Amino acid sequence: MGSDYVPPKYQLDAFNCPHSGCGAFAHQEWYYRVDAIRSPSGGNSKGVSNFSVSFCDRCHKSALWEEGHMIYPRASIVLPASEDMPAEVKKSYDEAREIFYESPRGAAAILRLAIQELTIELGEDGKNLNKAIGNLVKKGLSDRIQKSLDIVRVIGNNAVHPGQIVIEDNPKVAMSLFKITNLIVDNIITKSKEVEELYNNLPEEAREQIAERDN
């Protein structure tokens, strides 16, 4: 979904569907009066004014909102994991995504773990995240990605050992970490894969000449 992803937002007439089986950017139909289920004793149902429902035009599934906050489904307001995110990293990312509503601080701490797992995928031992990032810088990691890694590392560590950044009072900080984590994967894995595919599609003669030049 990348940079085109539009998260669900109260009263917005179009966004990416929050249901995992859909996820498409689609028009949303809104209903602002939800009828309560009738009691076993019968009687008329009553309208609940603080609840509303949005319906996706693509999959026709609904999302339930309470006082402007989506309460079902829960995790999908957060940007989904990049398609190229390694399986172990994605597992932690999705776990952070699931608990974001209940604990932005917990989500930030888990994203720090996801970054640590990513450095293992990149050949580091995973024992010390700060040292791992330093090693990657020595191997040619760009300044922008180094800063992105350190943002997740420092904020995630702060979530475990509270300091100056009060994440529970500012969930936007934790929300931004999901975007940064995807950006890191996009720059380290996706773009490298795209370059490799383009290079491998060059004529064999051209690749041989390049190899001879570099030797």
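## Exercises on side-chain pairs

Cys22 is partly exposed, with a relative accessible area of 23%. Keep this residue in mind as you work through a predicted model.

**Exercise 1. Find out how many disulfides the structure has, using Cys22 and Cys56 as test cases.**

Solution.
- Step 1: Start from Cys22. The closest cysteine sulfur belongs to Cys17 and sits 3.8 Å away, too far for a bond.
- Step 2: Recall the cut-off, since a disulfide needs two cysteine sulfur atoms within 2.5 Å.
- Step 3: Turn to Cys56. Here the closest cysteine sulfur is that of Cys59, at 3.8 Å, which is again too far for a bond. Cys56 is buried, at 2% relative accessibility.
- Step 4: Widen the search to the whole structure, and the result is zero disulfides.

**Exercise 2. Classify the ring pair of Tyr31 and Phe55, and place both residues in the fold.**

Solution.
- Step 1: Note the setting: the count of aromatic pairs comes to nine.
- Step 2: Take the geometry. The ring centres of Tyr31 and Phe55 are 5.6 Å apart and the planes stand at 85 degrees, so this pair is edge-to-face. The cut-off behind that label is a plane angle over 60 degrees.
- Step 3: Locate the partners. Tyr31 belongs to strand β2 (residues 25–31) and Phe55 to strand β5 (residues 51–56), so the pair links distant parts of the chain, 24 residues apart.
- Step 4: Check the exposure. Tyr31 is partly exposed at a relative accessible area of 45%, and Phe55 is partly exposed at 32%.

**Exercise 3. Do the same for Tyr93 and Phe178, and decide whether they are buried or exposed.**

Solution.
- Step 1: With centres 5.3 Å apart and planes at 90 degrees, the rings of Tyr93 and Phe178 form an edge-to-face pair.
- Step 2: Tyr93 is in helix α1 (residues 87–99) and Phe178 in helix α5 (residues 171–200), so the pair ties together parts that are 85 residues apart in sequence.
- Step 3: Tyr93 and Phe178 are both buried.
- Step 4: For an aromatic grouping elsewhere, look at Tyr10, Phe15, Trp30, Tyr32 and Trp65, which form one cluster.

**Exercise 4. Describe the surroundings of Val152.**

Solution.
- Step 1: Find Val152 in helix α4 (residues 143–160).
- Step 2: Val152 has a relative accessible area of 0%, so it is buried.
- Step 3: List its contacts, leaving out residues up to four places away in sequence: Leu111, Arg112, Ile115, Asn157, Leu177, Ile180, Thr181 and Ile184.
- Step 4: Add a backbone distance. The C-alpha atoms of Val152 and Leu113 are 9.3 Å apart, with their positions 39 residues apart along the chain.

**Exercise 5. Work through three salt bridges, giving the N to O distance for each.**

Solution.
- Step 1: The count of salt bridges comes to seven.
- Step 2: Asp94 pairs with Lys90, with the closest N and O atoms 2.7 Å apart. Both lie in helix α1, four residues apart, about one turn of the helix. Asp94 is partly exposed at 21%, as is Lys90 at 34%.
- Step 3: Lys147 meets Asp143 at 3.3 Å, N to O. These two lie in helix α4, again four residues apart, or about one turn. Lys147 is partly exposed at 46%, and Asp143 at 48%.
- Step 4: Lys191 and Asp186 form a salt bridge at 2.6 Å, N to O. Lys191 counts as partly exposed at 38%, and Asp186 at 25%.

How values were computed: Residues numbered from 1 in each chain as written. Predicted model: local features only at pLDDT ≥ 70, side-chain atom pairs only at ≥ 80, totals over all residues. Heavy atoms only, no water. Phe/Tyr/Trp six-rings, centres within 6.5 Å; stacked < 30°, edge-to-face > 60°. Buried < 20%, exposed > 50% of the residue type's maximum accessible area, 1.4 Å probe, protein only. Contact = heavy atoms within 4.5 Å. Salt bridge = Lys/Arg side-chain N within 4 Å of Asp/Glu carboxyl O.
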